Structures are given as C-alpha cells and as structure tokens.
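Me: Could you walk me through this model? I'd like to start with the overall layout and then go into some details.

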Amino acid sequence: MGAEHYTIGTKTTHLHLTVEIDMGQTQFEELSFKANFYDGLNAKGGILYIREDTAVFKAHMYNIGDLSEKTIPISEICGYKKGLLTILTIFLVNGKKIKLAVWKKNAIIKALEERRHAIFRHLGKEIPQLSRF
C-alpha cells in the first residue's frame with residue numbers, strides 16, 4: 001500500500017498504488033501528496049498519505065532527526081487554517097496542531113473532510129462542526 005520511491009541518478013520517481021477503501025457505502029482511494037512536516041523549527045520533507053481513517057506523514061530518508069511516521073486520526077480533526085503560500089495547519093481535538101507545507105491545500109482539506117464525514121456517518125454519530133482558527 002502507498003507509494004514506492006525509486007531513485008535513478010538524481011531523479012526520484014514516485015509510483016502511486018491505488019487502494020480502494022470501503023467505509024460503509026463510501027469507497028475511498030488512498031491519496032498521496034508531497035509535503036513538509038514542521039517539527040519545531042525543522043521542516044521534514046516527505047509524503048502525506050490520506051487513508052480511510054488516518055493521514056500519515058512519512059519523511060524521506062534525506063531528513064535529519066526523528067524520521068518516524070506521524071499519524072493523524074481523521075476523526076480527531078477539528079479545524080484547518082490556510083496560512084501564507086503553502087502553509088496548512090490542521091487542528092486536533094486534543095489541542096495539538098499539525099503544521100504542513102503543501103501545494104494542494106484545498107485538495108487535502110477536501111479529502112480529509114470527505115473521510116471525516118464518512119467516519120461519523122458510519123458510526124451513526126452527528127458530524128462535529130469545524131472550529132474557526
């Protein structure tokens with residue numbers, strides 16, 4: 001599942017594998033976006049994968065520091081803030097903020113919101129309103 005990376009000389013090729021995900025009546029394709037994940041002052045480059053109920057950031061091996069996967073439970077998202085140029089901040093119900101630099105902010109928010117709505121519909125719960133930040 002996910003994307004595989006192949007380096008040929010100085011060029012990296014991304015192979016996107018499509019995975020169909022079934023959540024009740026809704027099927028989602030796993031999506032991937034190039035992203036930088038801000039960890040304090042350090043921004044790590046990698047790929048943001050949007051799956052059935054999680055978004056997962058995987059740093060590429062050229063970064064310094066903690067390269068562990070960062071998992072964002074989609075059901076815990078409570079808001080978004082579009083910053084200057086490429087900055088997107090995702091707010092979670094536990095008070096955490098996930099700061100990313102991405103080119104496709106609107107596509108990422110749309111994919112996350114489709115999944116968030118499907119999660120709550122599948123659970124038979126009311127969809128929580130997003131907070132304004």
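Reply: What follows goes from the overall layout to the sheet, the helix, the salt bridges and one loop residue. Bear in mind that this is a predicted model, in which local features need pLDDT of at least 70, side-chain atom pairs count only at pLDDT 80 or more, and totals for chains, interfaces and linings use all residues. Residues are numbered from 1 along each chain as its sequence is written, and side-chain values use heavy atoms, with hydrogens and water left out.

Me: ok, how many helices and strands are there, and in what pattern?

Reply: The chain has one helix and eleven strands, in the sequence pattern β-β-β-β-β-β-β-β-β-β-β-α. Both kinds of element are DSSP runs numbered from the N terminus, helices being H or I with at least four residues and strands E with at least two.

Me: And what share of the residues is buried?

Reply: Of the 133 residues in the chain, 40% are buried, where buried means under 20% relative accessible area, exposed over 50%, and partly exposed in between, with a 1.4 Å probe and protein chains only.

Me: Which strands make up the open sheet, and in what order?

Reply: The open sheet has seven strands in the order β8-β7-β6-β5-β11-β10-β9, with antiparallel pairing; two strands count as paired if DSSP finds at least two bridges between them. β8 and β9 stand at the edges with a single partner strand each, so one side of each has no neighbour in the sheet. From one strand to the next, the twist averages 30°.

Me: How many bridges hold the edge strands to their partners?

Reply: β7 and β8 run antiparallel and are joined by four bridges, with Phe 57 opposite Lys 70 in β8. At the other edge, β9 and β10 pair in the antiparallel sense over five bridges, and Gly 79 stands opposite Phe 91 in β10.

Me: Which side chains of β8 are buried?

Reply: The side chains alternate along β8 (residues 70–73): Lys 70 and Ile 72 point to one face and are buried, whereas Thr 71 and Pro 73 point to the other and are not.

Me: Where does the helix go?

Reply: α1 lies across β5, β6, β7, β9 and β10, and runs at about 170° to β9. That angle is taken between N-to-C directions on a scale from 0 to 180 degrees, using axes fitted to C-alpha atoms, for helices over the stretch in contact.

Me: Switching topic, how many salt bridges are there?

Reply: The count comes to six, taking a salt bridge as a side-chain nitrogen of Lys or Arg within 4 Å of a carboxyl oxygen of Asp or Glu. One of them joins Arg 51 and Glu 30, at 2.7 Å from N to O. Arg 51 is in the loop between β6 (42–50) and β7 (54–59) and Glu 30 in the loop between β4 (26–29) and β5 (31–39), so this pair ties together parts that are 21 residues apart in sequence.

Me: Is Glu 30 buried or exposed?

Reply: Glu 30 counts as buried, because its relative accessibility is 2%.

Me: What about the salt bridge of Lys 110?

Reply: Lys 110 pairs with Glu 114, the closest N and O atoms being 3.1 Å apart, and both lie in α1 (residues 105–122), four residues apart, about one turn of the helix. Lys 110 is exposed at 53% relative accessibility, while Glu 114 is partly exposed at 35%.

Me: Last one, what does Thr 86 contact?

Reply: Thr 86 lies in the loop between β9 (77–82) and β10 (87–92) and is buried, with a relative accessible area of 16%. Leaving aside neighbours within four places in sequence, Thr 86 is in contact with Leu 100, Ala 101, Val 102, Trp 103 and Lys 105, contact meaning heavy atoms within 4.5 Å.
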